[in-house]
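Thanks for coming. I have one structure to go through today, and I will put it up before I say anything about it.

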Amino acid sequence: MRSAGEPRPWHESYRTRLLISDAVVLVWVVYGTQIVWFGTGNAQLSLLRDLRFTAVSYWFASAILVGLWLLALSLADTRTPGVVGVGMTEYIRVIDASLVLFGVIAIVAFLFRIDIARGYLLISLPVGILLLLLVRWLWRQWLAAKRRVGKCASGVILIGSLASVAQVGRELQQRRDAGYLVVGACLPPDDLHAPDELRAADADIPVLGTFDDLTRVLTDTGADTVLVTSSDALPPEKVKQISWSLEAGRQHLLLAPGIADVAGPRIHTRPVSGLPLVHVETPRFSPGQRFGKRIADLLLSLLAVVIMSPLLGILALAVKLSSPGPVCSREVRIGHHGRPFTMLLFRTTRQSTDGADAASTPTPLGRWMQRHALDDMAQLFNVIGGSMSLVGPRPPLPREVETYTDAVRRRFLVKPGITGLWQVSGRSSLSWEDAVRLDLSYVENWSLAGDVAIVVKSAKAALLGRAGR
């Protein structure tokens with residue numbers, strides 16, 4: 001129970017902000033559509049079947065539509081702390097709730113012969129969804145900025161073995177925009193010497209006690225989330241006791257799976273005889289999925305070449321005039337199913353008379369092109385030709401592939417991409433292990449929605465000049 005003088009939790013005030021902004025957006029969209037479609041007059045919505053009802057003014061009908069839309073967004077849990085701020089779930093729920101609402105309205109209008117102007121609905125729905133998503137994205141940028149300085153985040157106590165606490169803690173510390181701020185850890189009694197080892201693992205996490213001290217630690221730190229990083233030293237009964245000891249509605253329990261980088265639709269929780277078993281489906285790449293990805297790649301890359309043809313022409317001319325040599329450099333890379341292909345890049349370095357690179361350091365023009373990922377634009381022709389995809393794992397060099405283990409070779413299950421998780425996660429600062437992990441994570445959890453999110457992030461990084469290697 002919160003006292004009168006205690007500040008509201010961040011998620012309560014954030015939910016209020018989302019509710020107000022959703023309401024403002026929907027009022028503008030729905031009433032704006034009404035005015036565009038009918039003017040400012042008192043247009044009537046007629047109820048044809050039951051003559052006991054008189055016609056209803058669209059001004060009143062629009063108010064009902066706004067109220068129902070806000071209710072649908074609330075019932076779909078689009079403002080709960082677990083979905084806002086990161087990931088695609090928030091956006092997907094906004095879209096689903098809006099489509100379901102308009103589907104129900106269409107069915108009711110048909111069954112009861114309510115004569116609703118089709119244009120009024122057909123304009124309100126897409127415009128409303130787009131503006132809702134835009135405003136949610138803007139709020140997300142504000143929230144991410146707050147989280148980077150340690151605000152608007154859930155305080156987390158990690159509990160588990162030393163190795164798992166170090167691994168999970170390091171991941172959370174690198175992704176502060178996810179909204180989980182690690183404030184300490186509780187370890188098995190045998191690991192109380194852990195502080196030095198945690199610092200050595202680049203995870204400077206205070207060790208605040210053992211498993212039995214968790215209740216005291218939560219009280220002392222004010223943390224509201226317990227994250228079980230492993231079950232190695234934590235029996236099921238202990239996890240159950242931790243769950244029972246948490247304050248309902250304010251404190252939360254998270255369980256980290258024993259496998260990493262598996263997410264999305266491949267994970268399902270299915271109770272079996274009272275046991276909440278987590279089922280992990282094997283990754284499937286059906287012909288339909290491959291066909292859909294190929295069609296999307298082909299159409300989008302062709303459209304990009306047409307739209308960007310003036311820019312591509314200017315780049316080609318600038319490269320040609322800046323130094324002797326071809327406009328595009330050609331590099332042999334390894335692609336789908338481990339087959340070699342020739343990858344195109346706008347040339348960024350000078351070449352000697354024999355055609356070899358005279359220096360590995362890019363020219364000033366080349367550095368600028370790399371910073372904005374413009375040298376990669378030549379790979380649109382690789383996508384059109386079918387050797388690459390818009391989004392996928394990093395295309396490796398043949399000498400790199402010689403060192404691959406069988407696990408790393410799983411990145412060849414899909415085509416390499418112009419961009420990918422490795423790029424939007426900071427490719428210039430990634431270690432080899434992290435780059436491989438991100439590539440394998442993409443292969444294991446591919447989705448069209450994920451591709452769209454990566455393309456948007458890549459375009460933003462390129463425009464801001466943050467795409468450099």
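I will go from the whole chain to the cores, then to the aromatic residues and the cysteines.

First, a caution: this is a predicted model. So please take everything I say as computed from that model.

The chain as a whole. There are 16 helices and 14 strands. The chain has 469 residues, and 39% of them are buried. The accessible surface is about 25700 Å², with carbon and sulfur atoms contributing 63% of that. If you take the contacts with a sequence separation of 6 or more, 68% are between residues 24 or more positions apart.

Now the cores. Which residues touch the most other members of the largest nonpolar core? They are Trp-69 and Tyr-120, in a core of 27 residues. Four elements each give two or more residues to this core: α1, residues 10-38; α2, residues 58-75; α3, residues 89-111; and α4, residues 118-148.

Let me stay on Tyr-120 for a moment. Leaving out residues up to four places away in sequence, Tyr-120 touches Val-30, Thr-33, Gln-34, Trp-37 and Phe-38, and also Tyr-58, Ala-61, Ser-62 and Leu-65. If you have the model open, those are the side chains to display around Tyr-120.

There is also a second core, separate from that one, with 25 residues. Its members include Leu-312, Leu-315, Phe-346 and Trp-446.

On to the aromatic residues. Searching the whole structure gives 7 aromatic pairs. One of them is Trp-139 with Trp-142, an edge-to-face pair at 5.5 Å centre to centre, with 90 degrees between the planes. Both sit in helix α4, and because they are 3 residues apart there, about one helical turn separates them. Trp-142 has a relative accessibility of 29%, so it counts as partly exposed. The two tryptophans also belong to an aromatic cluster, together with Trp-10 and Tyr-14.

Last, the cysteines. How many disulfides are there? The count is 0, with a cut-off of 2.5 Å between the sulfur atoms. Two cysteines are worth locating while the model is up. Cys-152 has a relative accessible area of 18%, and because the limit for buried is under 20%, Cys-152 is buried. Cys-328, at 25%, is partly exposed.

To recap the main points: a largest nonpolar core of 27 residues, a separate second core of 25, 7 aromatic pairs and 0 disulfides. That is what I have; I will take questions now.

How values were computed: Residues are numbered from 1 along each chain as its sequence is written. This is a predicted model: local features need pLDDT of at least 70, side-chain atom pairs count only at pLDDT 80 or more; totals for chains, interfaces and linings use all residues. Side-chain values use heavy atoms; hydrogens and water are left out. A nonpolar core is a set of buried Ala, Val, Leu, Ile, Met, Phe, Trp, Tyr and Cys residues joined through side-chain atoms within 4.5 Å. Buried means under 20% relative accessible area, exposed over 50%, partly exposed in between (1.4 Å probe, protein chains only). Contact means heavy atoms within 4.5 Å. Accessible areas come from the Shrake-Rupley method with a 1.4 Å probe; for residues, only the protein chains shown count as cover. Rings of Phe, Tyr and Trp (its six-membered ring) pair if their centres lie within 6.5 Å; planes under 30 degrees apart count as stacked, over 60 as edge-to-face and the rest as tilted.
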